[in-house]
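Work through the exercises below with the sequence and the three-dimensional structure at hand. Try each task on your own before you read its solution.

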Amino acid sequence: MEERAFNNPYPDYQPHGSTASASTTLSTPNDSEDNRCSSASPQRDDSLPFESDSQISSYFNKKITTKIKDLLQQMEEGLKTADPHDCSAYTGWTGIALLYLQLYRVTKEPTHLQRSLDYVKRILRNLNGRRVTFLCGDAGPLAVGAVVYHKMKNDSESKECVTKLLQLQRIVLASDSDLPDELLYGRSGYLYALLYLNTEIDPEPVPQSVIKEVVESIIESGKNFSREERKTERCPLLYQWHRKQYVGAAHGVAGIYYMLMQPAANVERETLMELLKPSIDYVRHKKFRSGNYPSSLSNETDRLVHWCHGAPGVIHMLMQAYTVFKEDKYLKDAMECSDVIWQRGLLRKGYGICHGTAGNGYSFLSLYHLTQDKKYLYRACKFAEWCLDYGAHGCRIPDRPYSLFEGMAGAIHFLSDILVPEKSRFPAFELSPQMKENKEEHNS
């Protein structure tokens, strides 16, 4: 485990206004086992990065804003040599459009929305039709295009994007399809695109009947595979990808269950209680003693702490389960995930979202939303502080170093969310009900 992450050099949160001194090592769960906290902290002072009302301090705000501008310049320069044909949200141009849409959401600067539109126009000329998901297929470009055009008050172009997105449904529902159910390449990735549109555009452009059909296809697939594996009683909804029963958010059940529990998916309460809840509990029982989760149900190695495989992805499933089922066990497990991420989440793989420090930092922001506990806002700020030294830690350089999910664009997205933590959301994964805000903006 040690070689996959750097030792966390930051003292943990002290609830009464100041962090520990540089000479103090704080104990958190499993510190004795992993010895993750070093005695030296890179902080210049002992002040918290936020005020008593949880607003980010002006000093930290300025540091982040300055760094975002610097990284944006580096990113734009680096993108000049990026793959011109990669239109995906995961590693390609849709991810960059999504970043600028995020920057517009945070700053309200029209130049960011225009920049997002520039990328959208480029993307929509190069759709390939090979995949159907938000992150890795045509659904992402079309959904982002619909939202950007909507914000630009170009309703005809927005509706055209929605129409093309809905036409992909026939591929998703085809009876002879070998489409998986996971988030990156499967049905859940298409479902996210539908839910994203309905939480970003008012009135909702996607009919509930369409969403229901996609949801039902995911549920039927999970029931059928569970039956094949003779696990109907223990895990009524079971899924595989590449012949493995993955757990994490990207390829596994955590991401699928998370999407099915979204309010916008409108899954019936009976289905949630009888099929989803026992399936989530089945995964919970696979938890390692450390609080982390395996990459697949058959894997007994406690080593990956990424959004795609491990606690940083599973934590979102657990938080949503707590919201839906109101049982403390889910929140307790989520808090254990948070401790694992705090101890082992400064990844040598880099600063990105899928398997980097930024993606791990989002788990703290989400837990802060749920609990309003400033400890989690503090932890998110410390991971952001790590990202402020982008490139200085000797991390591995990703294959697509400027992309949203592997590289610099993802770190910028995370830093921008730190500026307004109460509105933050993991890109292409978390959904926010923003009907009122969007309606007001559209009518202004």
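The exercises move from the whole chain to pairs of helices and then to single residues.

**Exercise 1. The chain as a whole**

Task: Find how many helices and strands the protein chain has, and what share of its residues is buried.

Solution: Keep in mind from the start that this is a predicted model. The first step is to list the secondary structure of the protein chain, which comes to 17 helices and zero strands. The second step is to look at accessibility, and here buried residues make up 61% of the 444 residues. As a last step, consider the contacts with a separation of 6 or more in the protein chain, of which 68% are between residues 24 or more positions apart.

**Exercise 2. Helices α12 and α14**

Task: Decide whether α12 and α14 are roughly parallel or roughly antiparallel, and describe the residues where they meet.

Solution: Two packed helices are described by the angle between their axes and the distance between the axes. For helix α12 (residues 311-325) and helix α14 (residues 357-371), the axes come within 9 Å and cross at roughly 15°. Angles under 35 degrees count as roughly parallel, and α12 and α14 are therefore roughly parallel to each other. The next step concerns handedness, and α12 passes α14 in a left-handed crossing. Finally, P312, I315, H316, M319, Y322 and T323 on the α12 side meet N360, Y362, S363, S366, L367 and L370 on the α14 side. Sorted by class, this contact of α12 with α14 has seven nonpolar, five polar and no charged residues.

**Exercise 3. Helices α6 and α8**

Task: Describe in the same way how α6 and α8 pack, and name the classes of residue in their contact.

Solution: Start again with the geometry, in which helix α6 (residues 155-167) packs with α8 at an angle of about 150°, and the two axes are 11 Å apart. An angle over 145 degrees counts as roughly antiparallel, so α6 and α8 are roughly antiparallel to each other. Their crossing is left-handed. Turning to the side chains, V162, L165 and L166 in α6 meet Y190, A193, L194 and L197 in α8. The residues of this contact divide into seven nonpolar, no polar and no charged.

**Exercise 4. A residue of α6 and an enclosed helix**

Task: Find out whether S158 is buried or exposed, and then which residues of α10 are buried.

Solution: Begin with S158, which lies in helix α6. Buried means under 20% relative accessible area, and because S158 has a relative accessible area of 5%, S158 is buried. A polar atom of the S158 side chain lies 2.7 Å from the backbone oxygen of A146. Leaving aside its neighbours within four places in sequence, S158 is in contact with A146, Y149, H150 and I201.

Now move to α10, where V253, A254, G255, I256, Y257, Y258, M259 and L260 are buried. Eight of the eight residues of α10 are buried, so α10 is largely enclosed by the rest of the structure. These buried residues pack against α8, α9, α11 and α12. In the loop between α10 and α11 you will find Q262, which is also buried, with a relative accessible area of 5%. When its neighbours within four places in sequence are left aside, Q262 is in contact with L195, Q320 and L431.

**Exercise 5. Backbone exceptions in loops**

Task: Find what kind of peptide bond runs from D202 to P203, and which loops hold H242 and A428.

Solution: Most residues other than glycine have a negative phi, and most peptide bonds are trans. The bond from D202 to P203, however, is cis, with omega near 5°, and P203 lies in the loop between α8 and α9. That loop also holds E204, which at 43% relative accessibility counts as partly exposed, and whose side chain makes a polar contact with the side chain of Q208 (3.2 Å).

For the phi angles, take H242 first, which has a positive phi of about 50° although it is not a glycine. H242 sits in the loop between α9 and α10 and counts as exposed at 61% relative accessibility. A428 has a positive phi of about 60° and is not a glycine either. A428 lies in the loop between α16 and α17, and at 4% relative accessibility A428 counts as buried.

Methods:
Residues numbered from 1 in each chain as written. Predicted model: local features only at pLDDT ≥ 70, side-chain atom pairs only at ≥ 80, totals over all residues. Heavy atoms only, no water. Axes fitted to C-alpha atoms, helices over the stretch in contact; angles between N-to-C directions. Helix = DSSP H or I, 4+ residues; strand = E, 2+ residues; numbered from the N terminus. Parallel < 35°, antiparallel > 145°, perpendicular 65-115°, else oblique. Left-handed = near helix turned anticlockwise from the far one by under 90°. Contact = heavy atoms within 4.5 Å. Nonpolar A, V, L, I, M, F, W, Y, C, P; charged D, E, K, R; others polar. Buried < 20%, exposed > 50% of the residue type's maximum accessible area, 1.4 Å probe, protein only. Polar contact = N/O pair within 3.5 Å; in protein donor to acceptor, adjacent residues only side chain to side chain.
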